[in-house]
Amino acid sequence: MKEIYLDNAATTPMSPAVLAEMTDKMANVFGNASTLYGLGREAHTVMENSRQVIADSINAASDDEIIFTSGGSESDNTAITQTAHARQKLGKHIITTAIEHKAILEPLRALEQEGFEVTYLPVDQQGHISLDDFKAALRDDTILVSIMTGNNEVGSRMPIHEIGEILKDHQAWFHTDAVQAYGLLDIDVQRDHIDMLSTSAHKINGPKMIGFLYRREGVNFPSLVKGGDQEEKRRAGTENVPAMAGFATAVQALTPEVKAKRQAKYQGFKQHVVDGLTANGVDFAVNGSLDGENLNHVLNLWIKGISTYVMQTNLDLAGIAVSGGSACTAGSIEPSHVLTAMFGADSPRIGESLRLSFGTYTTEADLDAFIQAVTKIVTRLKHTNEVK
Ligand SMILES: Cc1ncc(COP(=O)(O)O)c(C=O)c1O
(Lines give C-alpha, C1' and ligand atoms only; values in the text may rest on other atoms or scores of the structure.)
Protein backbone atom coordinates (compact mmCIF):
# COMPACT_ATOMS: atom_id res chain seq x y z
CA MET A 1 0.00 0.00 0.00
CA LYS A 2 1.39 3.40 -0.98
CA GLU A 3 1.53 5.68 2.04
CA ILE A 4 -0.13 9.01 1.32
CA TYR A 5 1.65 11.71 3.25
CA LEU A 6 -0.39 14.77 4.17
CA ASP A 7 1.53 15.93 7.24
CA ASN A 8 4.17 18.25 5.80
CA ALA A 9 3.76 20.81 8.59
CA ALA A 10 5.08 18.10 10.95
CA THR A 11 8.06 17.34 8.75
CA THR A 12 8.98 16.88 5.10
CA PRO A 13 11.02 14.28 3.23
CA MET A 14 14.46 15.44 2.13
CA SER A 15 14.71 16.33 -1.55
CA PRO A 16 17.05 14.31 -3.80
CA ALA A 17 19.27 17.41 -4.17
CA VAL A 18 19.57 17.76 -0.37
CA LEU A 19 20.33 14.05 -0.01
CA ALA A 20 23.03 14.23 -2.70
CA GLU A 21 24.62 17.33 -1.17
CA MET A 22 24.66 15.87 2.33
CA THR A 23 25.94 12.50 1.19
CA ASP A 24 28.78 14.24 -0.60
CA LYS A 25 29.63 16.46 2.38
CA MET A 26 29.37 13.61 4.90
CA ALA A 27 31.69 11.49 2.79
CA ASN A 28 34.16 14.18 1.80
CA VAL A 29 34.06 17.11 4.21
CA PHE A 30 34.43 15.67 7.67
CA GLY A 31 36.88 18.16 9.17
CA ASN A 32 36.02 20.17 12.26
CA ALA A 33 35.05 23.60 10.93
CA SER A 34 36.75 25.33 13.87
CA THR A 35 40.21 23.92 13.14
CA LEU A 36 42.91 25.70 11.22
CA TYR A 37 44.34 22.97 8.96
CA GLY A 38 43.15 22.25 5.42
CA LEU A 39 40.32 19.82 6.21
CA GLY A 40 38.94 22.21 8.82
CA ARG A 41 39.23 25.19 6.49
CA GLU A 42 37.37 23.26 3.81
CA ALA A 43 34.51 22.53 6.22
CA HIS A 44 34.57 26.16 7.34
CA THR A 45 34.16 27.33 3.76
CA VAL A 46 31.15 25.04 3.21
CA MET A 47 29.63 26.37 6.44
CA GLU A 48 30.15 30.01 5.54
CA ASN A 49 28.82 29.53 2.01
CA SER A 50 25.69 27.96 3.53
CA ARG A 51 25.36 30.84 5.96
CA GLN A 52 25.49 33.33 3.08
CA VAL A 53 22.75 31.52 1.15
CA ILE A 54 20.58 31.59 4.24
CA ALA A 55 21.29 35.24 5.04
CA ASP A 56 20.31 36.20 1.50
CA SER A 57 17.05 34.22 1.76
CA ILE A 58 15.69 36.60 4.41
CA ASN A 59 17.50 39.74 3.22
CA ALA A 60 19.71 39.89 6.32
CA ALA A 61 22.16 42.78 6.21
CA SER A 62 25.08 40.45 6.96
CA ASP A 63 25.72 36.71 7.19
CA ASP A 64 27.05 37.35 10.72
CA GLU A 65 23.44 37.74 11.75
CA ILE A 66 22.72 34.03 11.18
CA ILE A 67 23.30 31.63 14.08
CA PHE A 68 22.97 27.95 13.17
CA THR A 69 21.00 25.99 15.78
CA SER A 70 19.59 22.50 16.17
CA GLY A 71 16.23 23.67 14.76
CA GLY A 72 13.11 25.66 15.46
CA SER A 73 12.79 24.70 19.12
CA GLU A 74 16.31 25.79 20.02
CA SER A 75 15.99 29.01 18.02
CA ASP A 76 12.72 29.82 19.78
CA ASN A 77 14.05 28.91 23.24
CA THR A 78 17.11 31.08 22.66
CA ALA A 79 15.12 34.05 21.41
CA ILE A 80 12.80 33.93 24.42
CA THR A 81 14.89 32.87 27.40
CA GLN A 82 18.22 34.42 26.56
CA THR A 83 16.86 37.81 25.52
CA ALA A 84 14.50 38.03 28.51
CA HIS A 85 17.35 37.37 30.89
CA ALA A 86 19.68 39.75 29.06
CA ARG A 87 17.16 42.60 29.11
CA GLN A 88 15.42 42.28 32.46
CA LYS A 89 16.88 45.52 33.75
CA LEU A 90 14.79 47.32 31.11
CA GLY A 91 11.54 45.65 32.14
CA LYS A 92 9.93 42.27 32.66
CA HIS A 93 6.98 42.41 30.29
CA ILE A 94 6.69 40.19 27.20
CA ILE A 95 3.94 39.98 24.58
CA THR A 96 3.06 36.88 22.57
CA THR A 97 -0.05 35.18 21.20
CA ALA A 98 -2.16 32.39 22.67
CA ILE A 99 -1.47 30.18 19.65
CA GLU A 100 2.33 30.10 19.47
CA HIS A 101 4.17 26.80 19.20
CA LYS A 102 5.10 25.20 22.50
CA ALA A 103 8.75 25.99 21.81
CA ILE A 104 7.69 29.58 22.56
CA LEU A 105 5.02 28.97 25.19
CA GLU A 106 6.99 26.61 27.41
CA PRO A 107 10.02 28.92 27.90
CA LEU A 108 7.56 31.75 28.56
CA ARG A 109 5.84 29.72 31.28
CA ALA A 110 9.24 29.17 32.87
CA LEU A 111 9.93 32.92 32.74
CA GLU A 112 6.59 33.60 34.41
CA GLN A 113 7.75 31.39 37.28
CA GLU A 114 10.77 33.68 37.57
CA GLY A 115 8.62 36.81 37.81
CA PHE A 116 8.31 37.93 34.20
CA GLU A 117 4.86 39.05 33.10
CA VAL A 118 3.54 37.69 29.82
CA THR A 119 0.55 38.99 27.82
CA TYR A 120 -0.98 36.30 25.61
CA LEU A 121 -2.90 38.04 22.84
CA PRO A 122 -6.22 36.30 22.13
CA VAL A 123 -7.23 35.21 18.62
CA ASP A 124 -10.57 35.27 16.82
CA GLN A 125 -12.22 32.23 15.23
CA GLN A 126 -9.97 32.61 12.18
CA GLY A 127 -6.87 32.42 14.40
CA HIS A 128 -5.96 36.09 13.97
CA ILE A 129 -4.86 38.59 16.59
CA SER A 130 -6.07 42.20 16.58
CA LEU A 131 -3.56 45.01 16.13
CA ASP A 132 -5.62 47.10 18.56
CA ASP A 133 -5.14 44.42 21.22
CA PHE A 134 -1.43 44.46 20.47
CA LYS A 135 -1.18 48.24 20.75
CA ALA A 136 -3.14 48.18 24.01
CA ALA A 137 -0.83 45.51 25.44
CA LEU A 138 2.43 47.30 24.54
CA ARG A 139 4.00 49.08 27.53
CA ASP A 140 7.13 51.07 28.23
CA ASP A 141 8.55 48.10 30.13
CA THR A 142 7.86 45.59 27.34
CA ILE A 143 11.22 44.06 26.45
CA LEU A 144 10.26 41.36 23.99
CA VAL A 145 7.46 40.67 21.51
CA SER A 146 7.28 37.18 20.00
CA ILE A 147 4.59 36.68 17.38
CA MET A 148 4.66 33.85 14.86
CA THR A 149 4.62 34.59 11.14
CA GLY A 150 2.11 31.82 10.48
CA ASN A 151 0.46 29.21 12.67
CA ASN A 152 1.33 25.53 12.34
CA GLU A 153 -2.11 24.11 13.17
CA VAL A 154 -4.55 26.36 11.33
CA GLY A 155 -2.30 28.42 9.05
CA SER A 156 -3.38 31.86 10.25
CA ARG A 157 -0.88 34.59 9.42
CA MET A 158 -0.01 37.43 11.76
CA PRO A 159 0.46 41.12 10.85
CA ILE A 160 4.24 40.94 11.09
CA HIS A 161 4.96 43.99 8.97
CA GLU A 162 2.57 46.21 10.97
CA ILE A 163 3.99 44.98 14.29
CA GLY A 164 7.53 45.61 13.07
CA GLU A 165 6.55 49.15 12.11
CA ILE A 166 5.04 49.80 15.54
CA LEU A 167 8.07 48.38 17.34
CA LYS A 168 10.82 50.01 15.32
CA ASP A 169 10.95 52.96 17.73
CA HIS A 170 10.24 50.93 20.86
CA GLN A 171 12.79 49.26 23.13
CA ALA A 172 11.15 45.84 22.77
CA TRP A 173 12.93 43.36 20.52
CA PHE A 174 10.71 41.73 17.94
CA HIS A 175 11.01 37.98 17.40
CA THR A 176 8.97 35.94 14.94
CA ASP A 177 8.74 32.17 14.64
CA ALA A 178 8.79 31.67 10.88
CA VAL A 179 9.24 27.89 10.99
CA GLN A 180 6.08 27.22 8.96
CA ALA A 181 6.16 30.35 6.82
CA TYR A 182 9.78 30.20 5.64
CA GLY A 183 9.13 27.75 2.80
CA LEU A 184 6.23 29.73 1.38
CA LEU A 185 6.41 33.44 2.08
CA ASP A 186 8.71 36.20 0.98
CA ILE A 187 10.56 36.96 4.21
CA ASP A 188 12.50 40.20 4.56
CA VAL A 189 13.81 41.01 8.01
CA GLN A 190 14.83 44.55 7.04
CA ARG A 191 11.52 45.48 5.40
CA ASP A 192 9.58 44.12 8.40
CA HIS A 193 11.92 45.45 11.13
CA ILE A 194 12.41 41.98 12.59
CA ASP A 195 15.10 41.64 15.29
CA MET A 196 15.06 37.83 15.59
CA LEU A 197 13.58 35.08 13.43
CA SER A 198 13.47 31.29 13.85
CA THR A 199 13.37 28.62 11.14
CA SER A 200 13.92 24.89 10.77
CA ALA A 201 15.32 22.94 7.81
CA HIS A 202 13.16 19.84 8.11
CA LYS A 203 10.01 21.79 7.20
CA ILE A 204 11.43 22.69 3.78
CA ASN A 205 12.75 19.33 2.51
CA GLY A 206 16.01 19.77 4.42
CA PRO A 207 17.51 17.64 7.19
CA LYS A 208 16.25 17.42 10.78
CA MET A 209 17.97 18.98 13.78
CA ILE A 210 19.29 22.03 11.94
CA GLY A 211 17.81 25.49 11.80
CA PHE A 212 18.88 29.05 12.35
CA LEU A 213 18.15 32.02 14.50
CA TYR A 214 18.51 35.34 12.74
CA ARG A 215 19.52 38.11 15.12
CA ARG A 216 19.91 41.65 13.94
CA GLU A 217 23.33 43.26 14.47
CA GLY A 218 23.24 44.81 17.95
CA VAL A 219 20.76 42.25 19.32
CA ASN A 220 23.06 40.49 21.75
CA PHE A 221 22.47 37.79 24.33
CA PRO A 222 24.50 34.97 25.87
CA SER A 223 24.44 31.57 24.21
CA LEU A 224 21.86 29.09 25.44
CA VAL A 225 24.22 26.18 24.73
CA LYS A 226 27.42 26.96 26.56
CA GLY A 227 30.84 25.54 25.79
CA GLY A 228 33.17 26.23 22.89
CA ASP A 229 33.46 29.42 20.86
CA GLN A 230 31.60 28.18 17.77
CA GLU A 231 29.18 30.52 15.98
CA GLU A 232 31.23 33.43 17.33
CA LYS A 233 30.38 32.36 20.90
CA ARG A 234 26.66 32.45 20.20
CA ARG A 235 26.06 28.68 20.02
CA ALA A 236 28.52 26.12 21.32
CA GLY A 237 28.99 22.68 19.76
CA THR A 238 30.91 21.20 16.83
CA GLU A 239 29.22 22.43 13.69
CA ASN A 240 27.14 19.97 11.65
CA VAL A 241 28.53 21.07 8.31
CA PRO A 242 26.76 18.47 6.08
CA ALA A 243 23.42 19.49 7.64
CA MET A 244 24.21 23.17 7.05
CA ALA A 245 25.05 22.41 3.41
CA GLY A 246 21.82 20.38 3.07
CA PHE A 247 19.84 23.22 4.61
CA ALA A 248 21.36 25.71 2.14
CA THR A 249 20.52 23.39 -0.77
CA ALA A 250 16.90 23.24 0.41
CA VAL A 251 16.83 27.04 0.70
CA GLN A 252 18.27 27.52 -2.79
CA ALA A 253 15.35 25.55 -4.22
CA LEU A 254 12.94 28.10 -2.75
CA THR A 255 13.24 30.87 -5.30
CA PRO A 256 10.58 33.60 -5.22
CA GLU A 257 9.00 32.01 -8.31
CA VAL A 258 8.87 28.58 -6.66
CA LYS A 259 7.28 30.06 -3.54
CA ALA A 260 4.66 31.93 -5.55
CA LYS A 261 3.83 28.78 -7.53
CA ARG A 262 3.53 26.76 -4.33
CA GLN A 263 1.20 29.25 -2.75
CA ALA A 264 -1.16 29.05 -5.74
CA LYS A 265 -0.88 25.26 -5.96
CA TYR A 266 -1.55 24.65 -2.26
CA GLN A 267 -4.43 27.11 -2.26
CA GLY A 268 -5.92 25.09 -5.12
CA PHE A 269 -5.35 21.92 -3.05
CA LYS A 270 -7.29 23.39 -0.13
CA GLN A 271 -10.21 24.25 -2.36
CA HIS A 272 -10.06 20.81 -3.98
CA VAL A 273 -10.39 19.06 -0.61
CA VAL A 274 -13.20 21.35 0.52
CA ASP A 275 -15.08 20.91 -2.78
CA GLY A 276 -14.59 17.13 -2.77
CA LEU A 277 -15.83 16.62 0.79
CA THR A 278 -18.79 18.94 0.13
CA ALA A 279 -19.71 17.09 -3.06
CA ASN A 280 -19.62 13.79 -1.14
CA GLY A 281 -21.97 15.12 1.55
CA VAL A 282 -19.44 14.99 4.41
CA ASP A 283 -20.54 17.20 7.32
CA PHE A 284 -17.47 19.31 8.07
CA ALA A 285 -16.19 22.86 8.57
CA VAL A 286 -12.82 24.54 8.10
CA ASN A 287 -11.08 25.60 11.31
CA GLY A 288 -9.70 29.00 10.44
CA SER A 289 -9.95 30.69 7.11
CA LEU A 290 -9.76 29.36 3.56
CA ASP A 291 -8.47 32.76 2.59
CA GLY A 292 -5.39 32.66 0.32
CA GLU A 293 -3.76 35.20 2.67
CA ASN A 294 -3.19 32.42 5.20
CA LEU A 295 -0.45 29.78 5.05
CA ASN A 296 -1.60 27.85 2.01
CA HIS A 297 -0.10 24.51 2.98
CA VAL A 298 -2.17 24.03 6.16
CA LEU A 299 -5.82 22.97 6.13
CA ASN A 300 -7.53 22.20 9.45
CA LEU A 301 -10.90 20.44 9.21
CA TRP A 302 -13.62 19.73 11.74
CA ILE A 303 -15.24 16.44 10.69
CA LYS A 304 -18.42 16.75 12.70
CA GLY A 305 -19.27 13.94 15.10
CA ILE A 306 -16.12 11.83 14.60
CA SER A 307 -13.32 11.97 17.09
CA THR A 308 -9.88 12.92 15.89
CA TYR A 309 -8.47 9.70 17.26
CA VAL A 310 -11.00 7.49 15.44
CA MET A 311 -10.60 9.40 12.18
CA GLN A 312 -6.83 9.42 12.36
CA THR A 313 -6.67 5.70 13.14
CA ASN A 314 -9.02 4.83 10.29
CA LEU A 315 -7.08 7.01 7.88
CA ASP A 316 -3.86 5.36 9.02
CA LEU A 317 -5.40 1.96 8.24
CA ALA A 318 -6.15 3.33 4.78
CA GLY A 319 -2.48 4.36 4.43
CA ILE A 320 -3.04 8.09 4.86
CA ALA A 321 -0.93 10.12 7.27
CA VAL A 322 -2.54 13.27 8.69
CA SER A 323 -2.17 15.00 12.01
CA GLY A 324 -4.61 15.64 14.81
CA GLY A 325 -2.91 18.89 15.67
CA SER A 326 0.71 19.92 15.81
CA ALA A 327 3.26 17.13 15.67
CA CYS A 328 4.11 17.59 19.32
CA THR A 329 0.48 17.40 20.38
CA ALA A 330 -0.37 14.52 18.07
CA GLY A 331 0.99 11.75 20.27
CA SER A 332 -0.67 13.06 23.41
CA ILE A 333 -4.30 13.38 24.46
CA GLU A 334 -3.81 17.00 25.35
CA PRO A 335 -6.38 19.17 23.55
CA SER A 336 -5.03 21.63 21.00
CA HIS A 337 -4.30 24.98 22.65
CA VAL A 338 -4.74 26.60 19.25
CA LEU A 339 -8.30 25.34 18.65
CA THR A 340 -9.10 26.04 22.31
CA ALA A 341 -7.98 29.66 21.90
CA MET A 342 -10.07 29.99 18.74
CA PHE A 343 -13.28 28.23 19.78
CA GLY A 344 -13.24 27.79 23.57
CA ALA A 345 -12.54 24.66 25.59
CA ASP A 346 -16.11 23.35 25.23
CA SER A 347 -16.23 23.37 21.44
CA PRO A 348 -16.72 19.93 19.85
CA ARG A 349 -14.10 21.02 17.30
CA ILE A 350 -11.37 20.42 19.88
CA GLY A 351 -11.83 16.66 19.80
CA GLU A 352 -13.02 16.25 16.20
CA SER A 353 -10.47 18.01 14.02
CA LEU A 354 -7.69 17.01 11.65
CA ARG A 355 -4.80 18.92 10.14
CA LEU A 356 -3.74 18.26 6.57
CA SER A 357 -0.59 19.90 5.29
CA PHE A 358 0.78 19.87 1.78
CA GLY A 359 4.34 19.74 0.53
CA THR A 360 6.55 19.54 -2.54
CA TYR A 361 5.51 16.00 -3.36
CA THR A 362 1.77 16.22 -2.65
CA THR A 363 -0.41 15.43 -5.68
CA GLU A 364 -4.08 15.88 -6.45
CA ALA A 365 -4.37 12.08 -6.49
CA ASP A 366 -3.27 12.08 -2.81
CA LEU A 367 -6.06 14.51 -2.04
CA ASP A 368 -8.63 12.43 -3.93
CA ALA A 369 -7.58 9.38 -1.91
CA PHE A 370 -8.06 11.41 1.29
CA ILE A 371 -11.50 12.65 0.20
CA GLN A 372 -12.64 9.13 -0.69
CA ALA A 373 -11.26 7.64 2.52
CA VAL A 374 -12.91 10.25 4.75
CA THR A 375 -16.21 9.82 2.91
CA LYS A 376 -16.07 6.03 3.39
CA ILE A 377 -15.13 6.30 7.07
CA VAL A 378 -17.89 8.82 7.79
CA THR A 379 -20.49 6.70 5.98
CA ARG A 380 -19.38 3.53 7.76
CA LEU A 381 -19.30 5.08 11.21
CA LYS A 382 -22.67 6.76 10.70
CA HIS A 383 -24.15 3.43 9.65
CA THR A 384 -22.61 1.66 12.66
CA ASN A 385 -24.12 4.28 14.97
CA GLU A 386 -27.54 4.00 13.30
CA VAL A 387 -27.74 0.19 13.65
CA LYS A 388 -26.70 0.30 17.32
C1 LIG B 1 5.67 27.01 14.32
C2 LIG B 1 6.71 26.05 14.80
N3 LIG B 1 7.66 26.48 15.63
C4 LIG B 1 8.63 25.67 16.09
C5 LIG B 1 8.67 24.35 15.73
C6 LIG B 1 9.77 23.47 16.25
O7 LIG B 1 10.71 23.23 15.24
P8 LIG B 1 11.74 21.98 15.35
O9 LIG B 1 10.94 20.76 15.09
O10 LIG B 1 12.74 22.23 14.28
O11 LIG B 1 12.34 22.02 16.70
C12 LIG B 1 7.68 23.83 14.88
C13 LIG B 1 7.65 22.40 14.53
O14 LIG B 1 6.60 21.79 14.40
C15 LIG B 1 6.67 24.72 14.38
O16 LIG B 1 5.72 24.29 13.57
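Is lysine 168 buried, partly exposed or exposed, and what is its relative accessible area? In this predicted model, lysine 168 has a relative accessible area of 44% and is partly exposed. Its side chain takes part in a salt bridge with glutamate 165, in which the closest N and O atoms are 2.8 Å apart. Glutamate 165 is likewise partly exposed, because its relative accessibility of 32% falls between the limits of 20% and 50%.

The pair formed by glutamate 165 and lysine 168 belongs to a wider set of charged contacts. Searching the whole structure gives 14 salt bridges. Among the residues involved, Glu21, Asp24 and Lys25 are linked to one another in a network.

Another salt bridge joins the side chains of glutamate 334 and lysine 102, with an N to O distance of 2.5 Å. Glutamate 334 is located in the loop between α11 (327–330) and α12 (337–343), whereas lysine 102 belongs to helix α4 (residues 102–113); the pair therefore ties together parts that are 232 residues apart in sequence. Glutamate 334 is partly exposed, at 43% relative accessibility. Lysine 102 has a relative accessibility of 24% and also counts as partly exposed, because the buried class is confined to values under 20%.

A further salt bridge is found between the side chains of arginine 139 and glutamate 117, at 3.0 Å from N to O. This pair links distant parts of the chain, 22 residues apart: arginine 139 is in the loop between α5 (131–137) and β5 (142–146), and glutamate 117 is in strand β4. That strand spans residues 117–121. The side chains of glutamate 117 and arginine 139 are also recorded as joined by a polar contact of 3.0 Å. Arginine 139 is partly exposed, with a relative accessible area of 27%, and glutamate 117 is partly exposed at 41%.

The surroundings of glutamate 117 were examined beyond this salt bridge. When neighbours within four places in sequence are left aside, the contacts of glutamate 117 are Lys92, His93, Ile94 and Arg139. Serine 357 provides a separate reference point for glutamate 117: the two residues are 240 residues apart in sequence, and their C-alpha atoms are 34 Å apart in space.

Conventions
Residues numbered from 1 in each chain as written. Predicted model: local features only at pLDDT ≥ 70, side-chain atom pairs only at ≥ 80, totals over all residues. Heavy atoms only, no water. Helix = DSSP H or I, 4+ residues; strand = E, 2+ residues; numbered from the N terminus. Contact = heavy atoms within 4.5 Å. Polar contact = N/O pair within 3.5 Å; in protein donor to acceptor, adjacent residues only side chain to side chain. Salt bridge = Lys/Arg side-chain N within 4 Å of Asp/Glu carboxyl O. Buried < 20%, exposed > 50% of the residue type's maximum accessible area, 1.4 Å probe, protein only.
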